[in-house]
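Here are some notes on the structure, set out as numbered points. I hope they help while you have the coordinates open.

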2 protein chains.
Amino acid sequence: MKHDPDFLKSIHFPVPLIDSIRVSRNIRMMAARAEKAGIFFRPHFKTHQSAAIAGLFRKAGVTGITVSSVAMARYFAENNWTDITLAFPFNIRELDELNRLDKLADIHLLADHPDTVNALADGVTKPHNVFIKIDTGYHRSGILWEQKDAILALARRIESAGLLTFTGILTHAGHSYHSSGPEEAAVLFRETIGKMNNVRDFLLHSGISSCKISLGNTPGCSVADSFDGVDEIRPGNFVFYDLMQLSMGICGENDLALALLCPVCGIYPHRNEVVILGGAVHFSKEQLRGKEQKPVFAYAIELTETGFGSLNREICLTGLSQEHGIVQMPAKQIQKTRIGDVLAFVPAHSCLTADLYAAYLTTAGGKISRINSVSARSVQSPALPENNDSVSF
Amino acid sequence: MKHDPDFLKSIHFPVPLIDSIRVSRNIRMMAARAEKAGIFFRPHFKTHQSAAIAGLFRKAGVTGITVSSVAMARYFAENNWTDITLAFPFNIRELDELNRLDKLADIHLLADHPDTVNALADGVTKPHNVFIKIDTGYHRSGILWEQKDAILALARRIESAGLLTFTGILTHAGHSYHSSGPEEAAVLFRETIGKMNNVRDFLLHSGISSCKISLGNTPGCSVADSFDGVDEIRPGNFVFYDLMQLSMGICGENDLALALLCPVCGIYPHRNEVVILGGAVHFSKEQLRGKEQKPVFAYAIELTETGFGSLNREICLTGLSQEHGIVQMPAKQIQKTRIGDVLAFVPAHSCLTADLYAAYLTTAGGKISRINSVSARSVQSPALPENNDSVSF
């Protein structure tokens, strides 16, 4: 970390900073866990959404990835990733854009509804692997794992569509994000593996020729003692981790790899608070609950010569409006704080904070780019009139 | 609203839609309130952040505006707005960028700390009006209104700096966003006016020659029965309103003017839920509390031939992960819903949702642009190495 005035001078407004050493280590650790278990490591790139960070995964041996939107699939396909699972029940309104990616990459798809499969069967222009999304208890998307006949019927429907291949079953045990701790996360992960194998056994006994099992989620993959019965894992958040993972005991303080640099714009000693330029549009409104159930949007983290230092829970981001952040800190810290100081904060949920930027600074002194999500969401059909600001009202 | 297949076909993923008629009406109504009261209407543009919508304000007679970031000031200055109040305790790290705006616009500034005033005094390159931010009870930023000596001292410090002019006192009674209803919001607004006049009287009696009073906030400005003792108002949210304002009784259902169009990607009749492509990155995680204190991120709204129809609280966005939204709806509605349908949702907080897009569709059939906030936040000092993705780790 360059602590010279030139570096600090360059911080004008909230900018995300990643600890280069920690990011590299987090990637190597998870890759090693997968390698040791002999399973395919297909990391979810929705957290970092950066071709440069993707390069670190490539160095760790990763060849296949997971994304959660067609826009992310395009970005990584354009950055030479050719084996991509789009882990969202496919949005059939993006079929044309999917087909435009045909030449760049193999995009593996998810479905949990016959109409999605029918639309794909009618609309794709090259072969695609299709996973069935299974609901193993999170109750967000997927066919309930107990509804094996429905799963089998959908698998057969996929098989009967010429360009589609039924590839396996995929789940995201998102309920593990509410675990009380690593032990419960590990138990949930084992239970999830059990449910998925139960489904696979049924499919294989029913004449389906092969069926991979794909599991997501950072909590389970970070703490599982066994990956027996799993073909691939798709964790994503572990690249940065965050306060949510820390609060569950899934990572340690030294694994936290993303912070937001924010200037101090107001100092209020009578209430032990400062105001930073750093609001809901800079952090997202994701929160933990701290002491007395008060919201915690971020804690401060120390910056050292080599990267991030200790997390400082005494400096807590407790309030967010659109651009303002209210930070509580002890009186002795207030006394040392000056207008224009820059503080670093680890957010509650790194995926959502990172999505609000198009670049990261690194503690190695660089700047790396990532998807500009707002731009990616602003592409419109050419059928719509564009830039007609003068005639639109 | 064009309900023909061509229009619906153009919706591929979440896109914000504004009701042209309602936006125009909301603007005219607030402008008329200010005109009737004989006060200056300086609307906050942080909600829409669009030059095209700004044009509607211009038609309603608006000449001066409010913004909350230097990036917004630049955007509107480049769109020919020359009288701009930057309603944030000035971030002294953006002094150079402020000075770069010298030729484009007059930017009026806020301060509540002597160090901010000193930095401005040393750093600005043309004259600026400076308001003192007053804390009238919200406890976010500002000098407490009771600390009149501190306010006077800061006013004198501003006056003693050659290029700065003490212009007045400014407050944002943000605590009115927690009002139980319009009556309480109106009471709070009256109390705020009283506190501000108390401060002004003290300053004028202490030899300060003039002092404007500037008040923000949509709840108070929407319901106040009198603006006596106020020089200007700076409401912003009223242009779109949202569920938060509706829940407080500040607006009616027919005033809701922003919705997000989201495709249905999953249907789960056994739990009366569908999943839309529309998550935290599309809505923001701002929420209300609904029945049994469950989170409400958005309610559906009907689309008619001419614009928005009725709000439908039976179709409720109750869960958000990064890209997924979980929508509860009655069984009879589930039966009518198909994969690929597009539903329209009014978000809890329109300012935060709108900030996630670079364009709006309008029910008049157009598309209008707005600031790309992610791009605006990605400008970096030339001192930093750029695009060095290969050398940054």
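1. Let me start with B:Arg271, which counts as buried at 17% relative accessibility. In this predicted model, its salt-bridge partner is B:Glu273, with the closest N and O atoms 2.5 Å apart. B:Glu273 counts as buried too, because its relative accessibility is 11% and the cut-off for that class is under 20%. For a chemist thinking about charged groups, both ends of this pair are thus worth a look: B:Arg271 is buried, and B:Glu273 is buried.

2. Salt bridges can also share partners. In chain A, one network made this way joins A:Arg74, A:Glu78, A:Glu97 and A:Arg100. Over all chains, the structure holds 35 salt bridges.

3. Another pair to display is A:Glu253 with A:Arg313, where the closest N and O atoms are 2.8 Å apart. A:Glu253 sits in the loop between α10 (243-247) and β11 of chain A, while A:Arg313 belongs to strand β16 (residues 308-320), so the salt bridge ties together parts that are 60 residues apart in sequence. How accessible are the two ends? A:Glu253 counts as partly exposed at 29% relative accessibility, and A:Arg313 counts as partly exposed at 43%.

4. Chain B has a salt bridge between B:Glu253 and B:Arg313, again with 2.8 Å between the closest N and O atoms. Here the loop between α10 (243-247) and β11 (258-268) of chain B supplies B:Glu253, strand β16 (residues 308-320) supplies B:Arg313, and the pair links distant parts of the chain, 60 residues apart. B:Glu253 is partly exposed, with 29% relative accessibility. For B:Arg313 the relative accessible area is 45%, which also puts this residue in the partly exposed class.

5. Now to the interface. Contacts between the chains involve 97 residues of chain A and 97 residues of chain B. Together the two chains bury about 8,000 Å², and 58% of that area is on carbon and sulfur atoms.

6. How many salt bridges does the rule find across the interface of chain A and chain B? There are three. For one cross-chain pair, look at A:Lys285 and B:Glu286, whose closest N and O atoms are 2.9 Å apart. Polar contacts between chain A and chain B come to 31 residue pairs, with both residues at pLDDT 80 or more.

7. Which element of chain A gives the largest share of the side that touches chain B? That is strand β11 (residues 258-268), which contributes five residues. Sorted by class, this side of chain A has 45 nonpolar, 32 polar and 20 charged residues.

8. The two copies can be superposed: a turn of 180° with a shift of 0.0 Å along the axis lays chain A on chain B with an RMSD of 0.0 Å. The copies are therefore related as by a two-fold rotation axis. In chain A, A:Lys285 has the C-alpha nearest that axis, at 2.7 Å. Since 100% of the interface residues of chain A are also interface residues in chain B, the copies meet through the same surface.

9. A:Thr116 makes a good viewpoint on both chains. This residue lies in helix α6 (residues 114-123) of chain A and is buried, with a relative accessible area of 1%. Leaving aside residues up to four places away in sequence, A:Thr116 touches A:Phe90, A:Ile92, A:Leu110 and A:Ala111 in chain A, along with B:Cys265 and B:Ile339 in chain B.

10. Finally, a point on backbone geometry. Most residues other than glycine have a negative phi. A:Glu292, which is not a glycine, has a positive phi of about 55°. This residue is in the loop between β13 (288-289) and β14 (295-296) of chain A, and is exposed, with a relative accessible area of 69%.

11. B:Asn80 deserves a similar check: its phi is positive, near 70°, in a residue other than glycine. B:Asn80 is in the loop between α4 (70-78) and β4 (83-89) of chain B. Is B:Asn80 buried or exposed? With a relative accessible area of 58%, B:Asn80 is exposed, because that class begins over 50%.

Terms used: Residues numbered from 1 in each chain as written. Chains lettered and ligands numbered in written order. Predicted model: local features only at pLDDT ≥ 70, side-chain atom pairs only at ≥ 80, totals over all residues. Heavy atoms only, no water. Contact = heavy atoms within 4.5 Å. Buried area = accessible area lost by both parts, 1.4 Å probe. Salt bridge = Lys/Arg side-chain N within 4 Å of Asp/Glu carboxyl O. Polar contact = N/O pair within 3.5 Å; in protein donor to acceptor, adjacent residues only side chain to side chain. Helix = DSSP H or I, 4+ residues; strand = E, 2+ residues; numbered from the N terminus. Nonpolar A, V, L, I, M, F, W, Y, C, P; charged D, E, K, R; others polar. Buried < 20%, exposed > 50% of the residue type's maximum accessible area, 1.4 Å probe, protein only. Least-squares fit on C-alpha atoms with pLDDT ≥ 70 in both.
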